[in-house]
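Here's a quick tour of one model, with a helix, a core and a pocket on the list. Have the viewer open as you read.

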Amino acid sequence: MRMHHFGIEVKDLETSAAFYQKYIGLQEESSFLFAGEKIVFLKEKEFRLELISSSEQPTSNPSSIHLCFQVDSINEVIFRFNENGIFPIEGPYKLENGWGTVFYQGPDNEVIEFIQIGGKADK
């Protein structure tokens with residue numbers, strides 16, 4: 001078994017899709033209507049993010065959502081976000097195992113973590 005996608009209910013589908021495309025580098029795979037909901041799938045290699053927007057108020061608590069993307073360099077992520085006026089809500093941290101991590105907030109209050117695996121984590 002392997003994970004196919006991660007889904008988030010969002011307030012503004014276009015804003016959220018643009019955010020994940022611009023800052024995370026995901027590309028739109030498909031979009032459609034299903035049971036009164038607008039759905040967009042964004043993809044990068046094997047990872048898929050499903051953004052869901054309905055005419056009703058989202059039932060989940062988006063602030064409890066946590067996404068984690070593995071990256072080659074935490075410093076490159078921080079630089080790209082800082083250039084656009086987006087600053088970490090937590091970190092960056094260097095973990096005891098040598099991994100580096102930093103946390104940002106997405107457009108619907110979801111927490112987005114970036115993690116650099118391996119012994120050469122940025123300081």
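## Helix 2 and its two sides

What do the buried residues of helix 2 pack against? They pack against helix 1, strand 6 (90–94), strand 7 and strand 8. Helices here are DSSP runs of H or I with at least four residues, strands are E runs of at least two, and both are numbered from the N terminus.

Ile74, Val77, Ile78 and Phe81 are the buried ones in helix 2, with buried meaning under 20% relative accessible area and exposed over 50% (1.4 Å probe, protein chains only). Looking down the axis of helix 2, these buried residues fall within an arc of 95° (taken from the directions from axis to C-beta atoms), so they line one face. Glu76, Phe79 and Glu83 are exposed on the other side.

## Ground rules

This is a predicted model, so local features need pLDDT of at least 70 and side-chain atom pairs pLDDT 80 or more, while totals for chains, interfaces and linings use all residues. Residues are numbered from 1 along each chain, and side-chain values use heavy atoms, without hydrogens or water.

## The core

The largest nonpolar core (buried Ala, Val, Leu, Ile, Met, Phe, Trp, Tyr and Cys joined through side-chain atoms within 4.5 Å) has 25 residues. Tyr20, Ile24, Leu51, Phe81, Tyr104, Ile112 and Phe114 touch the most other members. Helix 1 gives the largest share, 6 residues.

Leaving aside neighbours within four places in sequence, Tyr104 has contacts (heavy atoms within 4.5 Å) that include Val77, Ile78, Phe81 and Phe114.
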